[in-house]
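Trainee: Got a minute? I have a new model open and could use a walk through it.
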Number of protein chains: 4
Amino acid sequence: MITPTATLLVSCPDRPGLVAKIANFIYANGGNIIHADQHTDFTTGLFLNRIEWQLEGFNLPREVISTAFAAIAKPIEANWQLHFSDSIPRIAIWVTKQNHCLLDLLWRQKAQELPAQIPLIISNHPNLKYIAEQFDIDFHHIPITKETKSEQEAKQLELLKQYQIDLVVLAKYMQILSADFVTKFPNIINIHHSFLPAFAGANPYQRAYERGVKVIGATAHYVTKDLDEGPIIEQEVTHVSHRDTVGDLIRKGKDLERLVLSRAVRLHLQNRVLVYGNRTVVFS
Amino acid sequence: MITPTATLLVSCPDRPGLVAKIANFIYANGGNIIHADQHTDFTTGLFLNRIEWQLEGFNLPREVISTAFAAIAKPIEANWQLHFSDSIPRIAIWVTKQNHCLLDLLWRQKAQELPAQIPLIISNHPNLKYIAEQFDIDFHHIPITKETKSEQEAKQLELLKQYQIDLVVLAKYMQILSADFVTKFPNIINIHHSFLPAFAGANPYQRAYERGVKVIGATAHYVTKDLDEGPIIEQEVTHVSHRDTVGDLIRKGKDLERLVLSRAVRLHLQNRVLVYGNRTVVFS
Amino acid sequence: MITPTATLLVSCPDRPGLVAKIANFIYANGGNIIHADQHTDFTTGLFLNRIEWQLEGFNLPREVISTAFAAIAKPIEANWQLHFSDSIPRIAIWVTKQNHCLLDLLWRQKAQELPAQIPLIISNHPNLKYIAEQFDIDFHHIPITKETKSEQEAKQLELLKQYQIDLVVLAKYMQILSADFVTKFPNIINIHHSFLPAFAGANPYQRAYERGVKVIGATAHYVTKDLDEGPIIEQEVTHVSHRDTVGDLIRKGKDLERLVLSRAVRLHLQNRVLVYGNRTVVFS
Amino acid sequence: MITPTATLLVSCPDRPGLVAKIANFIYANGGNIIHADQHTDFTTGLFLNRIEWQLEGFNLPREVISTAFAAIAKPIEANWQLHFSDSIPRIAIWVTKQNHCLLDLLWRQKAQELPAQIPLIISNHPNLKYIAEQFDIDFHHIPITKETKSEQEAKQLELLKQYQIDLVVLAKYMQILSADFVTKFPNIINIHHSFLPAFAGANPYQRAYERGVKVIGATAHYVTKDLDEGPIIEQEVTHVSHRDTVGDLIRKGKDLERLVLSRAVRLHLQNRVLVYGNRTVVFS
């Protein structure tokens, strides 16, 4: 699996022949499929598909694949994306003061668990600059106040453009993005420190403690205009007991947060996540 | 551990000497402690304690222990309960139409996992009468409508009294008990088919499906006047994916529900659960 | 998904065009695929595939599908099975004295979680006959001694034939089947009461206790001539602590055993398990 | 809980009055107990106890507590340890080439999850020296060959003495310590990359893959002369599937390893682990 692959993510109204159509497109051009998975959502009548094949021996030049597949996609009214495994996405990680998710992502990137470049870290506080320096990554401190928010978001968007960022990862960024920002840059993954929809909003660990729950969780989701309501990619939980103080919940939660966020980012980077409505198909 | 034991559950304001005081009471009377566990809740300043000792060789006759301990409990302002392991509690199981939790509890009682008698099953529907007959347990069909609710609750209370019931287990009883009922009979455990506080209220699996969660759960809690807000005893979760329909969530949820409910009932019967405020200490 | 479906399980040497070939076969005959999943095992160079489609609207009559697909399968050197969702398999459950797995399977069959008939229970002890009677299932008591084993196995094989059994489920059957028996009837699922390969053989809970493990497990696997070495279908685990006696491990283990066994049987009945070498692909 | 505490870990033959004796010792000297937990192992007849109290207001000077408690411990034939929460243990971390456990421990120490100093890193390879430098910790490269082993172990022991090390943590140190070494320095925690006793020895992930298990695990244990046989402190597991290659098992295993090892080290540092025979009581 060392040779480069192409991956198609396709969703369209279900009808007979879709698997054959897509598989034939690849086979007819000499491609060898290494992963093919499909899901039919019967409540929405949607066909959702992921197909990955080796580019070695594939007869179509890369730059032509899109055009060629478009001819197939149009009559079946498909939404689709095409990705190449050797075209490495560029991530911007946004943080505030907590370092655990940031360090975890950076370590995994170095350990080649995350097929991505990370050229940019943005924070509303200067605290984590030293980590950016350690890893030789550009760090931009962009403080946010109510008054400066829209102006600062413009600056952030400018940076994303300048660094050619494909994906923003909110790794404990404790600010809410405006609806306008999300519209302009919709490719954002956030980690929420609770098992959504429980304890949406602020201070989830304090509220979990007060409610006396026996399990806590963390949720990675795409960011939409509605806070904490975006499509969920991954969730994980751990047991807690009466012995756990709020501080213990926060400590245990950190382990969940870094696991869940890194899994979600990895799945996204492998083009295994397909969003439809407010739900995701995770082809794993 | 075959010989009978006594168990004290104690909660009182924290101060030095409490462990010694309680342990001395038992030792001075010749008791051998087989389980002692305590928890200090620093946010409320409460000392919470469970202590269990063998009655064999204990110098105080059973009927005197309460009086003797009351003398110790008063100056430390303690709330406390005394239980004997060979005094078997009597459970009424309440159901509607689903049989999985009922069957599970009955099987565990037969398998001696639950130290309790189950002389009574109450249902607002007649469907599960055949199970009561199979296990030779009295079954009372008490249908509930808005109009008859208060009258029928009076009947239910009368039955609990008549059968000398110590604990009501709501094993998928799909009716809400009135605040008045809960005040008159406060010893009730319910299974809620979600990971509370997520999806409190009706149709949690449908709503979990719509939200696209990746984990579902079940919650066993004591019933209070506030629906789905009582102290949580036990929670468990399981992973789900886009492949799971609402029907699959319901199926997987049933496995969670019977596990969680039976664990909670067992913990309660072993006098391992101490409620304070809206929280529980589970000495396990 | 109420209408009947056909499912093909295919394994063959990997080469380009396999997904297309199989999908085309179905599409060309008017079938609508509702589940298609494939896996390529790069260490063995095997292509492993599951494809399920609706028979409604499929142009080939059922009795012809096998012959038609054989023509495709031969040149690609495929091993394959064809199953129809409305052809309900017949299960024989084998037990000894413990009833938890048996009752769980019977309850799930009644609850329509297991698409199978269960016409036969075989045991080397008479203890669980009462359950067979309750569920109106034939019960055969076939005691086994060293001397009578081969003779009794002949009797067992005869019964499997007579009842037209497709699958034997060893639901805590505490006897070892001879290699000869397994050769003659290879379709057998067993539940082993440990997390294999830990504690293979006898008394796993006792040995787990002695080793002081913090997690115990259960394993459902196909039975082969080598005891506890067959292909694993499903495993599950639970945490234990120093407080758990051997009796507690056994009790907690029962919950694992019934969950794991029923999941494995369900996956098998849905034709989601493909064995290759000593491994399984579980298309779930 | 900010004020310093003392903790007693006690094991002795079970008899009446032990809880009272120990609690009285603390109360009589004005101590306020903040954690008391005991376990009776009925198979060995052992009483095992952990008790922690605030030193503020305790009448005995620290240097006298040991002598005073010895008078109580002697007649009850107790093994016991006394620890002060503000006496910070010194850890040496031993590594080979993999950095994930090392980085995790260092991060947790900085995040104040591990109440310890880490003045020393020892490795049989030079690869991770850069991390030691980043964290400003002394790094000693001590290569091991069959011929030099005993000589190098002498050097290692000398370093442990020189740095006044209390605990050695083998954080993926891929060398076996000699029985002699373990006798001379018995306070060692190791992370084994499998769910022991499954896959003891070398290459556990490769063997787990070949066996086709559906769950993998990691085990933290104290090191004894018998390889992979020491008392288990903590175990954790995760699900895997046919899609996971050996490389995926290794990747998922790393997450388990760092979680399990750090939990075990934390429990040890909080004096929550009591070893008896080849088992542990974990008072958590």
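Mentor: Sure, let's take the chain contact, the domains and one helix in turn. Keep in mind that this is a predicted model.

Trainee: Okay. How many residues does each of chain A and chain B give to their contact?
Mentor: Chain B gives 23 residues, and chain A gives 23 residues.

Trainee: Which strands of chain B help there?
Mentor: Look at β10 (215–222), β11 (232–239) and β13 (279–282) of chain B. Each supplies at least two residues of the side that touches chain A.

Trainee: And what classes of residue sit on that side of chain B?
Mentor: There are 10 nonpolar, 8 polar and 5 charged residues on the side of chain B that touches chain A.

Trainee: What turn lays chain B on chain A?
Mentor: A turn of 180 degrees, with a shift of 0.0 Å along the axis. The RMSD is then 0.0 Å. The two copies are therefore related as by a two-fold rotation axis.

Trainee: Which C-alpha of chain B is nearest the axis?
Mentor: That of A198(B), at 2.2 Å from the axis. The same surface also serves both copies. Of the contact residues of chain B, 100% recur in chain A.

Trainee: Switching topic. Where are the domains of chain A?
Mentor: Domain 1 covers 5–84, and domain 2 covers 90–282. Taken over C-alpha atoms, their centres in chain A are separated by 31 Å.

Trainee: How many residues does each domain of chain A put into the contact?
Mentor: Domain 1 of chain A puts in 9 residues, and domain 2 of chain A puts in 6 residues. On the domain 1 side, β1 (5–13) and β3 (46–54) of chain A each supply at least two residues. That side has 3 nonpolar, 5 polar and 1 charged residues.

Trainee: Now the helix. How many residues of α3 in chain C are buried?
Mentor: In chain C, 9 of the 11 residues of α3 (residues 100–110) are buried. The helix is mostly covered. Among the buried ones are H100(C), D104(C) and R108(C).

Trainee: What comes just after α3(C)?
Mentor: Q112(C), which takes a positive phi of about 65 degrees.

Trainee: Why is α3 of chain D called largely enclosed?
Mentor: Because 10 of the 11 residues of α3 (residues 100–110) of chain D are buried. The rest of the structure encloses the helix. W107(D) is one of the buried residues.

Trainee: What about the phi of Q112(D)?
Mentor: Positive, near 60 degrees. Q112(D) follows α3(D).

Definitions and conventions
Residues numbered from 1 in each chain as written. Chains lettered and ligands numbered in written order. Predicted model: local features only at pLDDT ≥ 70, side-chain atom pairs only at ≥ 80, totals over all residues. Contact = placed C-beta atoms within 7 Å. Helix = DSSP H or I, 4+ residues; strand = E, 2+ residues; numbered from the N terminus. Nonpolar A, V, L, I, M, F, W, Y, C, P; charged D, E, K, R; others polar. Buried ≥ 20, exposed ≤ 12 C-beta atoms within 10 Å, placed from the backbone. Least-squares fit on C-alpha atoms with pLDDT ≥ 70 in both. Domains from an automatic or database assignment.
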